[in-house]
Structures are given as structure tokens and as C-alpha cells.
Amino acid sequence: MTEFVINGGRKLRGSIAVQGSKNSALPLLAATLLVCGEVVIENCPELSDVDCALEILTYLGCTVDRCGHSVAIDCTSMHAHDIPERLMKRMRSSVVFLGAILARAGRAEMTMPGGCMLGPRPIDYHIDALRALGADIDSEGDRLICRACRLCGCDVFLPFPSVGTTENAMLAASASRGSTRIMNAAREPEIQDLAGFMNAIGIPVRGAGTSVIEVEGGIRTHGTHYAVMTDRIAAGTYLCATAVCGGTVELTNARPEHIEALTGALRRAGCEILEKPGYCKLTAPSHIAPVGIVETRPYPGHATDMQPPLMALMCTAAGTSVFIENIFESRYNHIVGLRRMGADIQNEGRFAAIHGVSKLTGCPVTALDLRAGAALVTAALGAYGETSVSHIEHLERGYERMDEVLCGLGADVIRREH
Ligand code: UD1
């Protein structure tokens, strides 16, 4: 087991270039299956979820050549159309390979995906969207067997703007005859990045970033070089950490337009934030003010992934804040650890009221999922004394060398193996 041992109370100062986006890199890697020829993905973060996506591509028969943040992929020799259970269970995003394999091979087999335990995470929207495009999908226990002799472009209506379903529908639509309109599509920046990649390989995609996305199917693709966008969740986490600790941190490659809901909340908390294109700087106040009500929503609303680190900040605010988690049923895995550190949090279903206390105190805590772990690290950085955060394998799914990034800003974080 690996843990972070954090001695809190140090101000953060300095500058960071934020990693490439995990949630963007994963569908982009799946989308490389649409290309016969070489694709180079730049700014690809070094994360365990990315390792898993690359293992899936290798298993399928693709050539993968990784050098730091650059990955060259050639899917010309793809020969398999199934994903083994051990890879499916490692992350939720493996499900986005469904649309891509179906588009490329006309059939796909896989088990239900794994991922963070945030309550029930069904894939019914994914299946309905692919069926609307003409896929036959049967399930045998935990196993999905999908066939698509001929996918046909059509209007696909999503009951909820699900990020993964929008991605799967875009990928499958690329191999459909005619054009597809995805209605009530997710508007997240990661969807725009996937559309950018699909356009770069020759598939016309219009409307990404709005609720209606159009994909032209059956177009011949070609290789490309494409850089993954900056990770808005990692950027937001480092801003929250700075606010907790005090100090000033600048993000030199940020996309401030992707984190407006968060920066709005941080300004309400008293932070001074300077934004320019590609740049964001946060200076923390001496006392954090409560942010009021934070309700998570699909983009451009408050991101559910930012809720845990923002809650960690509110634990020491001068008053009460209320969080309403609308996206996932149980995304409050961080509360138990925050309480251990002395936070005063009432939680009932989707609601959590955080009554700020004057300080948190370090103690051993466990990261139960990726963003819950980010919340505990954020809280520990501002806490009095030593906190050990165990099970950081969750953090390493989404944050690239988080300990080194934080130490570079002046934090005291040691990675310890047991
Ligand atoms: C993606 C992100 C995740 C983020 C989430 C919401 C990746 C790798 N992960 O996850 O970090 O927190 O978007 O912004 O990009 N749902 C169903 N049936 C389905 C699909 C989804 O009921 O078939 C429900 C989910 O259980 C959840 C909600 O819809 O309650 C939103 O899920 P979705 O947008 O699909 O999230 P993911 O794509 O899994």
C-alpha cells in the first residue's frame, strides 16, 4: 500500500503547468480505433487510467509507442473485438471503447465496467443510444455482446446529458451510414476535445459544446497529431489547495473558461483570481468565507468532480455552506475522512451542510475514491499536524505526480510505501 504523509500548514507559492486531462485522454485513446494509420496523442497524462486504456489498445492488437506525454498509436493491425474483464473492471471509462470497437469492427464484447464507487452507475443510456444507431446488444450475466452489421445515422435522444453516453454515441455514429444528431448531448469541454480530434482525423462533427451534436458517418479517416486539453479538474483541485493553505499559485496553461463555476465559488470564498486566456492566478484570503449553496449540475454548472475538494475548503470557512450533489447518488466518500480530521458536516442523502471550524487536525485517513482522495489531500494541506492519506492508488488514476506538484509549490508531502 502507498500513502501520502502530509504535514499541513505551509503556504503554497509558485507556478504549475497543469497536466493533460484524464477525462479527455481516455475517449481520445478509444477514438484512435477509428483511424487506420498512425495517430500521435500529445500531452497525454501519465496516469494509471491511461495505462489501462493503452493496455486495452495493445490487447486489441494496436501498436502503442509511448514516450513521456506523447503516445503514437497505430490501430491498423487491430485483430480483437473484446475487452478482458480484468481491464474492464479497472475503470469506468473502459465503456467508451464500446462505441469505438463497434464502429471499427462491427462487433464488441465486454463485461460491465468498474470505476469509482459513487452509487449505482448503470450503462443503460449507452446501450439505448447504440441500439438507436442499429446495434444489437445482448447481455449474458455481466457480459455484453454487441453486433452491428450496419449502423444507421438517426436522431439519438439522451434522457440525461451523460458524458460517457455522448462520447459512445459520437464514436459509433462515425461508422454509421448518413448523419446522426445526438440530442440533449453533454456539453462538457471533454466532449469538445473529442469532437476536435474527430474533426482532425476527418470525421465532420458539429455542435460540440451545445446540446445538439451532429456527426457525419462513413467518412474515410486519416492519421493526425493531437494534443489533449488541460485537465480542468486537476486545475481546480490545485486552486482549492491554494485557497486552503494560503499563498499565491499561478496556472500557466489553464483554461479559465472551463472552470467558471468553481472560480465563482472561490471568489465568493474571498479568493482573488486573475484570469487571462490560458492563464489563471489565485491569491488566497487570510480567512475563508462560506460559499453558500453549491449544487452540482452538468457543465457549465458546478462539476461534481470539484465538489469534494471544494467541500474540503469549506470545512474551515467562517460559517455554513450547503452542498447538493445532483449527479451521483453517493459522492460523499470524503466526508468520513474530513470528519475524522475534525470537520463538522451533516449529511442526509444528496445534501451536506458544512459548518466551518477554526482548524482541522491531521490523522490517518483513507482515500475511498479518486476525488474523495483529492478532498482529503486538500484538507490535509491546511490541517494542523500530520495526516497520512492511504490508498493513493485512487489518486494516481487521475492526478499526475500529485506529491511532486504540491512539493514544488512548497507543501510537505512524502510518498511512503508500506
Ligand atoms: C464522466 C466523468 C466523471 C464525471 C461525470 C459527470 C469521465 C471518465 N468521467 O463520467 O469524472 O464525474 O462524467 O460529469 O469522463 N447514468 C445512467 N445511465 C447511463 C449513464 C449514466 O443512469 O447509462 C447516470 C450516472 O449514474 C450518473 C449520471 O448519469 O448519475 C451522469 O453520468 P455520466 O455523465 O455518464 O458520467 P460518466 O461519463 O460516467
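How far is the sulfur of Cys149 from the closest cysteine sulfur, and in which residue does that closest sulfur sit? In this predicted model, the partner turns out to be Cys152, and the gap between the two sulfurs is 11 Å, so they are too far apart for a bond. A disulfide, after all, is a covalent bond between the sulfur atoms of two cysteines, and the cut-off used here asks for sulfurs within 2.5 Å. Cys149 is also exposed, with a relative accessible area of 84%.

Cys67 tells a similar kind of story. Its closest cysteine sulfur belongs to Cys44, and at 12 Å that is again too far for a bond. Cys67 is exposed too, at a relative accessible area of 61%. Searching the whole structure gives a disulfide count of zero.

Zooming out, what does the chain as a whole look like? The protein chain contains 13 helices and 23 strands. For 418 residues, a compact globule would be expected to have a radius of gyration near 22 Å; the chain comes in at 21 Å, so the two agree. Boxed along its principal axes, the set of C-alpha atoms takes up roughly 65 × 45 × 40 Å. Of the 418 residues, 56% are buried. The exposed surface of the chain adds up to about 15600 Å², with carbon and sulfur atoms supplying 49% of that area. Contacts also link parts of the sequence that are well separated: among contacts with a separation of 6 or more, 72% are between residues 24 or more positions apart.

One sheet shows how such separated stretches of sequence come together. It is an open sheet of four strands, arranged in the order β21-β22-β1-β23, and its pairing is mixed. The edges are formed by β21 (364–366) and β23 (412–417), each of which pairs on one side only. From one strand to the next, the twist averages 25°. In general, strands of a sheet pair through backbone hydrogen bonds, either parallel or antiparallel. Strands β1 (residues 2–7) and β22 (residues 386–390) run antiparallel and are joined by five bridges. Within this pair, Ile6 of the sheet faces Thr387, which stands opposite it in β22.

A helix completes the picture. Helix α12, made of residues 370–382, packs on the sheet and touches β1, β21, β22 and β23. The direction of α12 makes about 30° with that of β1.

Definitions and conventions: Residues are numbered from 1 along each chain as its sequence is written. This is a predicted model: local features need pLDDT of at least 70, side-chain atom pairs count only at pLDDT 80 or more; totals for chains, interfaces and linings use all residues. Side-chain values use heavy atoms; hydrogens and water are left out. Two strands pair if DSSP finds at least two bridges between them. Helices (H or I, at least four residues) and strands (E, at least two) are DSSP runs, numbered from the N terminus. Axes are lines fitted to C-alpha atoms, for helices over the stretch in contact, and angles run from 0 to 180 degrees between N-to-C directions. Contact means heavy atoms within 4.5 Å. The radius of gyration is taken over C-alpha atoms; the globule rule is 2.2 Å times the number of residues to the power 0.38. Buried means under 20% relative accessible area, exposed over 50%, partly exposed in between (1.4 Å probe, protein chains only). Accessible areas come from the Shrake-Rupley method with a 1.4 Å probe; for residues, only the protein chains shown count as cover.
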